[in-house]
Amino acid sequence: MNLVYKRAEEKDIEVLTQTRIEVLRAANQLSPYTDMTEVEKQTVDYYSRTLSKKEHIAILVYDDKKIIGAGGVSFYQVMPTFHNPSGKKAYIMNMYTKPEYRRKGIAWQTLKLLVKAARQAGVSSISLEATESGRPLYEAFGFVPMEHEMELPV
């Protein structure tokens, strides 16, 4: 393996979008025939808006020229709190490693780069959603379940 971890740029939006669709298909167990046209369009718009403003940082992982993994972190602002006086928060998303490359430390290294980027941006609160298969990685890294957060499905 000849692994390269690359911080994505605007010129990488096509590969970022393709990777995002692959992640969504895998995480949601979607058929390859499920129409993702609107999601693709919105994903391109999202990356176009956020990459240049550094509101989102994405890492692409290559084995030579083949894309084999990815991860991203989005930044947002909430009101300051006692535990987070800056109000800066980050959300890790789009973590994915192709099945044949799993259990080799690739996701760990991707996560490490994303957390480092968040800390460099002054963020002290980082959260994520975990699949069952991803949970052991995040727990080993130090993530803990959130006790007080709730969601209202729309």
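Colleague: In this predicted model, what distance separates the end C-alpha atoms of α2, and what span should its 17 residues have?

Modeller: The structure is a predicted model, and the helix can be checked against an expected rise of 1.5 Å a residue. The expected span is 1.5 Å times one less than the number of residues, so the 17 residues of α2 should cover 24 Å. That agrees with the separation of its end C-alpha atoms, which is 25 Å.

Colleague: Which residues of α2 are buried, and against which elements do they pack?

Modeller: The buried residues of α2 are Thr43, Tyr47, Thr50 and Leu51. Residues three or four places apart on an α-helix point the same way, because there are 3.6 residues a turn. The elements that the buried residues of α2 pack against are α1, β2 and β4.

Colleague: What span should the 15 residues of α1 have, and how far apart are its end C-alpha atoms?

Modeller: The same kind of check applies to this helix, again at 1.5 Å a residue. For the 15 residues of α1 the expected span is 21 Å, and this agrees with the distance between its end C-alpha atoms, 21 Å.

Colleague: Against which elements do the buried residues of α1 pack?

Modeller: The buried residues of α1 include Ile13, Leu16, Thr19, Val23 and Leu24, and Arg25 is also among them. The elements they pack against are α2 (37–53), β2 (56–63), β3 (66–77) and β4.

Colleague: Which residue just after α1 takes a positive phi, and is that residue buried or exposed?

Modeller: Most residues other than glycine have a negative phi. The residue in question is not a glycine, yet its phi is positive at about 50°, and its place is in the loop between α1 and α2. With a relative accessible area of 73%, above the 50% cut-off, Gln29 is exposed.

Colleague: Where does Asn94 lie, and is Asn94 buried or exposed?

Modeller: Asn94 is not a glycine, but its phi is positive at about 65°. This residue lies in strand β4. Its relative accessible area is 8%, which is under the 20% cut-off, so Asn94 is buried.

Colleague: How many residues line the largest pocket, and which element gives the largest share of that lining?

Modeller: The largest pocket has a volume of about 1000 Å³ and is lined by 30 residues, with Met95, Thr131, Ser133, Gly134 and Tyr138 nearest its centre. Elements that give two or more residues to this lining are α1 (13–27), β4 (88–97), α3 (106–120) and α4 (135–141). By class the lining has 18 nonpolar, seven polar and five charged residues. The largest share, seven residues, comes from β4.

Colleague: Which element gives the most to the lining of the largest cavity?

Modeller: The search of the whole structure finds one cavity of 30 Å³ or more, and the largest cavity holds about 30 Å³ of space. Its lining is made up of Thr19, Glu22, Ile67, Ile68, Gly69, Tyr96 and Lys98, which divide by class into three nonpolar, two polar and two charged residues. Both α1 and β3 supply at least two residues, and the most, three residues, comes from β3.

Colleague: Which residues are in contact with Ile67, leaving aside its neighbours within four places in sequence?

Modeller: Ile67 is found in strand β3 and is one of the residues lining the largest cavity. Leaving aside neighbours within four places in sequence, the residues in contact with Ile67 are Val15, Thr19, Leu60, Val61, Tyr62 and Lys98.

Colleague: How many aromatic pairs does a search of the whole structure find, and which residues form one aromatic cluster?

Modeller: The search finds four aromatic pairs. One of them joins Tyr138 and Phe143 edge-to-face, with 6.1 Å between centres and 75° between planes. The rings of Phe141 and Phe143 lie 6.3 Å apart, centre to centre, with their planes at 35°, so this pair is tilted. The residues that form one aromatic cluster are Trp108, Tyr138, Phe141 and Phe143.

Colleague: Is Phe143 buried or exposed, and what is the relative accessibility of Phe141?

Modeller: With the cut-off for buried at under 20%, Phe143 is buried because its relative accessible area is 17%. Tyr138, its edge-to-face partner, is buried as well. Phe141 counts as partly exposed, its relative accessibility being 23%.

Terms used. Residues are numbered from 1 along each chain as its sequence is written. This is a predicted model: local features need pLDDT of at least 70, side-chain atom pairs count only at pLDDT 80 or more; totals for chains, interfaces and linings use all residues. Side-chain values use heavy atoms; hydrogens and water are left out. Rings of Phe, Tyr and Trp (its six-membered ring) pair if their centres lie within 6.5 Å; planes under 30 degrees apart count as stacked, over 60 as edge-to-face and the rest as tilted. Buried means under 20% relative accessible area, exposed over 50%, partly exposed in between (1.4 Å probe, protein chains only). On a 1 Å grid over the protein atoms alone, a cavity is a set of points where a 1.4 Å probe fits but cannot get out, and a pocket is an open set with protein on both sides within 12 Å along at least five of seven lines; lining residues have an atom within 4 Å of a point. Grid points are joined across faces, edges and corners, and a volume is the space filled by probe spheres set on the points. Helices (H or I, at least four residues) and strands (E, at least two) are DSSP runs, numbered from the N terminus. Ala, Val, Leu, Ile, Met, Phe, Trp, Tyr, Cys and Pro count as nonpolar, Asp, Glu, Lys and Arg as charged, and the others, Gly among them, as polar. Contact means heavy atoms within 4.5 Å.
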